[in-house]
Amino acid sequence: MEWETVIGLEIHAQLATRSKIFSGASTAYGAAPNTQACAVDLGLPGVLPVLNAEAVNMAVRFGLATGCTIAPRSVFARKNYFYPDLPKGYQISQYELPVVYEGEVLIELDDGETMRVGVTRAHLEEDAGKSLHEGFQGVTGIDLNRAGTPLLEIVSEPDLRSAKQAVAYMKKIHSLVRYLEICDGNMQEGSFRCDANVSMRPKGQAEFGTRAEIKNLNSFRFVEKAINYEVERQIDLLESGGTVVQETRLYDSVKGETRSMRTKEEANDYRYFPDPDLLPLEITADEIEQIRATLPELPDAKKARFVSDFGLSPYDAAVLTAGRDLADYFEAVVEAADGEAKLAANWVMGDLSGALNRDGREIGDSPVSPQMLGGMLKRISDNTISGKIAKDVFEAMWNGEGDADAVIEAKGLQQVTDTGAIEAMIDEVIAANPGQVEQYRGGKDKLLGFFVGQVMKASKGKANPAQVNEMLKKKL
Amino acid sequence: MSLKESDVQQIAHLARLAVDQDRLPEHARNLSAILDFVEAMSAVDTAAVEPLAHPLEMSQRLRPDQVSEEDQRELFQSIAPAVEEGLYLVPRVIE
Amino acid sequence: MSVHTRTVAELSAGLAGGEYSSRELTESCLQHLRQPAADLNAIITVTADQALAAADAADRRRAAGDAGPLTGVPLVHKDIFCTRGVRTSCGSRMLDNFISPYDAHVVEQMAAAGMVCVGKSNMDEFAMGSSNETSFYGPVKNPWDTAAVPGGSSGGSAAAVAGRLVPAATGTDTGGSIRQPAALCGITGLKPTYGRVSRYGMIAFASSLDQAGPMARTAEDCALLLEAMAGFDPRDSTCVDREVPRYSEELAGDLSGVTIGLPKEYFGEGLDPEVGAAIDAAIEEYRKLGASFRDISLANTHLAVPAYYVIAPAECSSNLSRFDGVRFGHRCESPRDLEDLYKRSRGEGFGDEVQRRIMVGTYALSAGYYDAYYLKAQQVRRLIRDDFLQAFAEVDLILGPTSPTAAFDIGERKDDPVSMYLSDIYTIAVNLAGLPGISLPAGFVGRRPVGLQLIGNYFEEGRLLQAAHAYQQVTDWHRRSPEGDN
């Protein structure tokens with residue numbers, strides 16, 4: 001039987017507020033255990049939650065960026081269950097009335113097609129603390145610093161049909177939240193993670209199959225691997241006459257497999273009800289417009305502009321706009337290079353990205369600033385250096401040897417454009433290779449490349465290749 | 001509404017309450033009596049009535065995003081049953 | 001020095017006139033608390049050292065010319081209010097070892113007014129009860145008749161004021177927990193409008209119903225206390241940012257032109273005839289004071305207790321989940337595993353009534369029952385509130401009995417939860433609607449006091465206090481004392 005995979009993602013993005021969603025404790029990462037868990041976060045008797053305005057603002061920004069409806073009135077609800085990392089015995093979340101709902105994002109597929117993925121809803125909720133199992137005998141340690149950190153839970157429609165699509169969608173949301181500056185997107189620290197709902201159905205069937213939920217995937221690679229594993233597991237199960245059980249599973253990244261979670265399982269009667277400590281959240285049309293006015297240019301719009309204004313291919317534009325930092329860097333390079341956009345795109349996506357990858361650096365701490373790179377590109381376009389020499393100049397800049405002009409000057413890398421000097425070199429090469437000259441003149445045109453190479457070698461790469469080419473043809 | 005002892009056990013489990021087996025009949029009787037009593041509500045037609053969650057129909061006030069709390073771990077953990085290295089301790093949790 | 005029979009206003013005058021210092025007053029009060037006659041089990045914790053320090057501070061403040069009307073006057077806080085450095089038990093074994101690391105807003109407010117907290121009063125466990133028999137610390141005795149309950153859940157506060165141990169106490173009222181014990185103990189108790197007083201630091205029972213208020217001998221005292229207690233607190237999202245009137249300066253004035261509604265549902269079956277007779281006599285007094293009366297109907301009154309016994313347990317089942325033996329409070333010995341830790345800590349820490357309500361609430365919220373119970377109760381809640389809104393379109397105040405009977409015997413209703421719940425039949429609807437209500441002494445059935453309830457429109461505490469004060473100017477029920485009149 002041919003199977004169709006159906007995937008929906010629930011992405012948890014930690015909002016980049018200074019303080020927690022319902023308390024004035026800091027959200028900074030990495031503090032000593034429980035030093036950022038205040039009375040409210042600990043759920044001490046008698047404490048009460050008060051909602052952080054910035055968390056609401058950020059949720060609205062996300063809603064506007066994904067074409068969602070912003071709820072004029074939304075409600076916080078309690079999700080009741082017992083777990084040691086959940087101090088109050090309930091999580092404050094949103095249930096029936098989320099703050100934003102019904103939007104969409106567009107993702108790029110490998111074949112260049114664009115696909116629409118529905119955003120069902122995004123709601124505000126508080127994060128739980130952390131359980132630490134290492135270093136203790138028979139006990140678990142609880143750190144509640146993370147408890148109360150604001151989360152935006154972004155729920156997709158079950159529109160995704162493969163692990164690759166799921167990853168493309170997750171990357172798109174990742175890019176969006178960073179553009180919007182509502183989440184730092186740091187997946188190692190858990191700021192951006194997701195649960196994947198995976199089910200299978202016979203191709204052509206309308207109803208969904210029973211789904212399994214894979215919890216807490218915190219890298220794009222794990223999302224892809226976990227889904228692929230789960231798809232195979234479910235197909236094997238179904239084809240051998242078994243049924244998929246609706247359950248929560250964990251991805252074991254060491255073994256590369258998903259397994260059923262033993263805890264939290266039967267406690268699925270969450271007894272949601274409106275949190276009586278909080279009142280309905282109301283957002284007016286005016287407030288929405290005020291927030292809309294502060295939105296940055298978003299990746300899709302930026303991409304379209306890069307295509308129309310800079311003449312980039314849609315693929316290049318998509319790569320360059322995937323991250324706001326990269327797009328900003330690229331635009332600064334274009335400006336510094338007097339508008340040489342295509343050249344800038346090649347260098348940013350090529351040598352610069354390569355160097356960043358090689359050294360494990362982020363674009364934000366590239367030793368070559370956009371001004372330096374742009375300055376070098378100007379020297380290529382005014383023929384001061386060739387593209388080949390530019391690679392050496394770039395490496396020198398990367399290693400801190402100054403900007404392009406300084407490197408060119410210090411190393412004497414200016415192109416030789418003096419016809420006399422080039423002619424002298426050509427004469428020498430012709431004199432030294434009589435056999436090849438004979439063959440060329442006998443009709444073996446391909447040998448021109450050999451002569452150009454010899455002349456370039458003689459000039460230590462500094463001769464202008466186009467000029468060499470032309471002059472050689474005449475001489476030969 | 002009459003609750004069985006097994007219902008009481010299920011409810012007590014959801015609420016994480018240890019209940020003595022020999023008191024299950026008493027609990028079932030008491031809870032059933034309360035549920036019978038609140039059953040009076042079903043006589044009134046509320047199909048068109050909007051539920052009222054709060055007596056005052058106000059909206060949520062928002063707090064500026066400012067860090068106002070200092071570290072009080074020592075004070076808070078002085079009343080905790082079991083702590084070590086700043087962590088609250090519970091019996092081992094298996095996921 | 002016999003100061004313990006005096007009201008807050010009288011003590012305030014005595015302190016202002018230099019008749020005694022707060023130190024002297026507080027020492028006298030502490031000494032009085034230790035006398036066997038005072039053994040009502042009304043006070044769980046006496047805070048002598050802190051009290052004397054606060055009294056000295058109050059005296060210094062007075063010397064510096066910075067004293068307010070309450071500066072130096074002693075009170076007790078219901079043990080539901082968190083008090084920094086002092087055990088805050090909420091009447092439960094669960095919190096028997098809980099030393100609060102912070103002060104409740106109400107505690108801060110009273111301290112800021114210069115009041116001297118001499119102790120924490122007994123209460124029904126987690127405020128769940130109408131007789132003070134569910135306390136881990138044992139029942140409180142009614143000072144008028146020690147065989148009788150003082151009412152609940154603020155029974156310790158009511159008995160302490162009625163027994164002349166302290167002139168004032170704080171209480172909380174979720175379904176009648178200030179007004180019913182005030183009635184049963186013959187004192188004055190006010191439940192303000194929901195949101196008038198911050199709930200921060202008040203251990204939650206049912207968040208959408210809980211409200212703190214003053215308990216004292218007179219309406220005048222309650223006015224003084226509410227002025228200090230009320231006030232905006234940004235830490236409680238449900239607290240209303242609204243100016244606090246000078247209630248104590250607006251007590252005077254006759255009641256001509258005031259229309260009072262008499263809901264027929266509050267005078268029907270179930271009302272003890274002797275209580276009814278006392279209320280009738282009070283109506284006559286009010287007529288003499290110039291008020292006019294109108295018969296009204298609060299048609300859904302019979303649904304108030306059923307709706308309450310879904311909403312309050314549902315909220316409490318969630319509110320009490322934080323008591324899990326992990327960060328504070330009772331933890332069972334040697335838990336086998338996590339589930340054992342939860343179940344035994346909670347099973348041992350909570351008493352029967354609390355467990356009963358947690359289970360009712362858990363059931364009412366669980367899958368498949370939510371609509372039939374919780375949602376239904378919230379719909380009924382609106383019907384009940386609408387009844388009041390309609391009534392207040394026609395009348396200024398509503399009058400009736402606070403409780404259908406005078407105090408019942410200790411043990412009498414302990415094993416019958418539903419009959420216990422019905423003792424709040426006239427008070428509960430007010431909480432569901434979030435309205436202010438006051439109970440004031442209006443006679444006796446034998447030796448046991450009868451309470452008269454006045455209900456006002458939203459934020460009309462001033463009008464309530466005024467009407468109560470007017471009544472207390474022409475009657476002396478509030479001056480009667482278990483030890484004799486004073």
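# Bridges, interfaces and empty spaces

Reader: Why is the pair Asp277(A) and Arg199(C) called a salt bridge?

Author: This is a predicted model, and the answer rests on its atoms. The closest N and O atoms of Asp277(A) and Arg199(C) are 3.1 Å apart. The cut-off is 4 Å, between a side-chain nitrogen of Lys or Arg and a carboxyl oxygen of Asp or Glu. Arg199(C) brings the nitrogen and Asp277(A) the oxygen, at 3.1 Å, so the pair qualifies.

Reader: What lets such side chains pair?

Author: Opposite charges can pair when the charged atoms come close.

Reader: How many salt bridges does the rule find across the interface of chain C and chain A?

Author: The rule finds 1 there. Polar contacts add to the picture: 17 residue pairs link chain C and chain A in this way, both partners at pLDDT 80 or more.

Reader: Which elements of chain C give two or more residues to the side that touches chain A?

Author: They are helix 9 (304-319), helix 10 (338-349) and helix 11 (352-365) of chain C. Helix 9 of chain C gives the largest share, 4 residues. By class, this side of chain C has 19 nonpolar, 10 polar and 8 charged residues.

Reader: How do you know that residues of chain C and chain A are in contact?

Author: Contact needs heavy atoms within 4.5 Å. By that test, 37 residues of chain C are in contact with 29 residues of chain A. The two chains bury about 2700 Å² between them, and 59% of it is on carbon and sulfur atoms. Ser237(C), Arg322(C) and Arg327(C) supply 23% of the area that chain C buries against chain A, more than any other three residues.

Reader: What area is buried between chain B and chain C?

Author: About 5200 Å² is buried there, and carbon and sulfur atoms give 70% of it. In this interface, 50 residues of chain B are in contact with 68 residues of chain C.

Reader: What makes Arg385(C) and Glu57(B) a salt bridge?

Author: Their closest N and O atoms are 2.9 Å apart. The limit is 4 Å, so the pair counts. Across the interface of chain B and chain C the rule finds 3 salt bridges. Residue pairs in polar contact number 20 between these chains, counting pairs with both at pLDDT 80 or more.

Reader: Which elements of chain B give two or more residues to the side that touches chain C?

Author: Helix 1 (5-14), helix 2 (24-38), helix 3 (73-77) and strand 3 (87-91) of chain B do. Helix 2 of chain B has the largest share, with 8 residues. This side of chain B divides into 36 nonpolar, 8 polar and 6 charged residues.

Reader: How do you know that Asp127(A) and Arg146(A) form a salt bridge?

Author: Check the distance again. The closest N and O atoms are 3.4 Å apart. That falls within 4 Å, so the rule accepts the pair. The two residues sit in distant parts of the chain, 19 residues apart. Asp127(A) is in the loop between strand 8 (114-126) and strand 9 (130-132) of chain A, and Arg146(A) is in the loop between strand 10 (139-143) and strand 11 (150-156) of chain A. Over all chains the count comes to 65 salt bridges.

Reader: How do you know where empty space is left?

Author: A probe the size of a water molecule is rolled over the atoms, and this shows the empty space.

Reader: Why is a space called a cavity rather than a pocket?

Author: In a cavity the probe fits but cannot get out, whereas a pocket is open. The rule counts 7 cavities of 30 Å³ or more. The largest cavity has a volume of about 150 Å³.

Reader: Which residues lie nearest the centre of the largest cavity?

Author: They are Val40(A), Asp41(A), Lys88(A), Ile92(A) and Glu126(A), out of 20 lining residues. Helix 1 (39-42) and strand 6 (90-94) of chain A give two or more residues to this lining. The lining of the largest cavity has 11 nonpolar, 2 polar and 7 charged residues.

Reader: What is the volume of the second largest cavity?

Author: About 70 Å³. Its lining includes Val3(C), Cys29(C) and Arg164(C). By class, the lining of the second largest cavity has 8 nonpolar, 1 polar and 2 charged residues.

Reader: How much space lies in the second largest pocket?

Author: About 1900 Å³. The lining of the second largest pocket takes in 41 residues, with Lys171(A), Ala318(A), Val319(A), Ala322(A) and Gly323(A) nearest the centre. Helix 3 of chain A supplies the largest share, 9 residues. The classes are 16 nonpolar, 12 polar and 13 charged.

Definitions and conventions:
Residues numbered from 1 in each chain as written. Chains lettered and ligands numbered in written order. Heavy atoms only, no water. Buried area = accessible area lost by both parts, 1.4 Å probe. Polar contact = N/O pair within 3.5 Å; in protein donor to acceptor, adjacent residues only side chain to side chain. Nonpolar A, V, L, I, M, F, W, Y, C, P; charged D, E, K, R; others polar. 1 Å grid on protein atoms, 1.4 Å probe; cavity = no way out; pocket = protein on both sides within 12 Å on 5 of 7 lines; lining within 4 Å. Points joined across faces, edges and corners; volume = space filled by probe spheres on them.
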